[in-house]
Amino acid sequence: MQRGLLWDDVEWDEELKQNAEEKIKYNSQALVSEEEQEKYETEANQFWDKFYNIHENRFFKDRHWLFTEFPDLCINSEPNEDENTSENISNKASAIQEKERINIFEVGCGVGNTVFPILETNMSSNVFVYCCDFSEVAVSLVKSNSLYNSDRCCAFVCDISSDVWEVPFEENSLDFILLIFVLSAIHPEKMQYAVNRLAKYLKPGGEILFRDYGKYDMVELRFKPGRCLSQHFYVRGDGTRVYFFSEDEVHNLFTTAGLVKTQLYSSKRLQVNRGKQLKMYRIWIQAKYMKPLDSS
């Protein structure tokens with residue numbers, strides 16, 4: 001079986017952009033009816049419940065790449081010498097507990113493909129991970145995982161696009177909030193509200209770490225006519241939805257919430273299917289936005 005070829009950080013010229021725009025324009029000619037759009041909005045969690053009931057924890061892979069893209073999440077404590085002695089193990093455990101706890105909150109945790117790599121990588125650090133999803137099935141799968149430890153993790157159901165949030169932490173208490181391929185799943189009109197609310201829970205100096213689909217990604221270009229909800233917003237065959245961002249949109253979302261940019265770029269990867277001689281472009285937006293230190 002022939003494998004495809006990959007090139008990272010490829011150039012994106014005007015011809016490619018024009019071709020993508022024409023494809024999107026064609027695919028967006030027929031919009032999903034208002035009645036169906038309302039159904040996809042009001043029953044969004046049910047569509048994701050069905051997704052996780054079918055796939056359970058087999059669909060997504062653990063995101064070990066996360067620590068390359070966001071090395072901030074690798075929070076190491078000082079190593080001790082002669083780690084094999086029981087006395088040293090006890091001292092090490094005590095030292096970890098004495099360190100100020102690092103609070104991480106992942107929004108849209110799915111079945112834990114980000115949560116558990118973070119916990120495993122930071123075994124020697126005082127890291128606590130809060131995680132939520134609006135799919136009850138997903139949260140139950142996280143809690144049933146053998147790696148789930150309530151002393152280091154708290155999973156709960158929450159819809160960040162709703163008006164009412166019930167979260168187990170206070171405002172100004174989180175060091176990191178992770179938005180990894182999750183904001184794209186909610187309605188664009190509700191994104192700003194969600195980001196504004198999330199920003200309130202960051203400590204001054206805390207950061208939101210963001211990675212999601214970019215405009216002209218091959219996934220967007222593959223949608224057929226009749227699957228478009230609005231500009232750059234689509235519904236998949238299983239009823240789940242996805243939005244494709246531009247850098248400017250991402251920047252406006254976070255700066256409007258009072259956050260300051262520390263990183264923002266588009267990652268473009270060329271993937272070539274040698275058998276079919278097809279060129280496909282994967283495009284992601286990655287960003288880090290910090291809550292100013294003088295915020296109260």
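1. Start with the pairing of E2 and E3 in this predicted model. Strand E2 (residues 102–107) runs parallel to E3, and the two are joined over six bridges. If you want a register marker, take Ile104, which sits opposite Val129 of E3.

2. How do you get from E2 to E3? Through helix H6 (residues 115–121): E2, H6 and E3 form a β-α-β unit, and a right-handed one.

3. On its pairing with E4 (residues 153–157), E3 is again in the parallel sense, with five bridges between the two strands. Here Asp133 has Val157 of E4 as its bridge partner. The connection goes from E3 through helix H7 (residues 136–144) to E4, and that β-α-β crossover is right-handed.

4. Now look at E3 itself, residues 127–133. Seven of its seven residues are buried, so the strand is largely enclosed by the rest of the structure. Neither face is left open: Val127, Val129, Cys131 and Asp133 are buried on one side, and Phe128, Tyr130 and Cys132 are buried on the other. Note that the two residues I used as register markers, Val129 and Asp133, both belong to the first of those two sets.

5. Helix H1 is worth a look too. It covers residues 14–27, 14 residues in total, and spans 20 Å from first C-alpha to last, close to the 20 Å expected at 1.5 Å a residue. Its buried residues are Ala20, Ile24 and Asn27. Viewed down the helix axis, the buried residues of H1 fall within an arc of 60 degrees, so they line one face. The spacing fits the usual geometry: an α-helix has 3.6 residues a turn, so residues three or four places apart point the same way.

6. What do the buried residues of H1 pack against? Helix H9 (218–221), strand E7 (228–230) and strand E8 (233–235). On the other side of H1, Glu14, Glu15 and Lys25 are exposed.

7. Finally, the chain as a whole. I count ten helices and eleven strands. Of its 296 residues, 46% come out as buried. Among contacts with a separation of 6 or more, 76% are between residues 24 or more positions apart. The accessible surface is about 15,900 Å², and carbon and sulfur atoms account for 46% of that surface.

Terms used:
Residues numbered from 1 in each chain as written. Predicted model: local features only at pLDDT ≥ 70, side-chain atom pairs only at ≥ 80, totals over all residues. Heavy atoms only, no water. Helix = DSSP H or I, 4+ residues; strand = E, 2+ residues; numbered from the N terminus. Buried < 20%, exposed > 50% of the residue type's maximum accessible area, 1.4 Å probe, protein only. Contact = heavy atoms within 4.5 Å. Areas by Shrake-Rupley, 256 points an atom, 1.4 Å probe, with all protein chains shown as cover. Expected span 1.5 Å × (residues − 1). Arc of directions from axis to C-beta. Pairing = 2+ DSSP bridges. Right-handed = clockwise from strand over helix to strand, strands pointing away.
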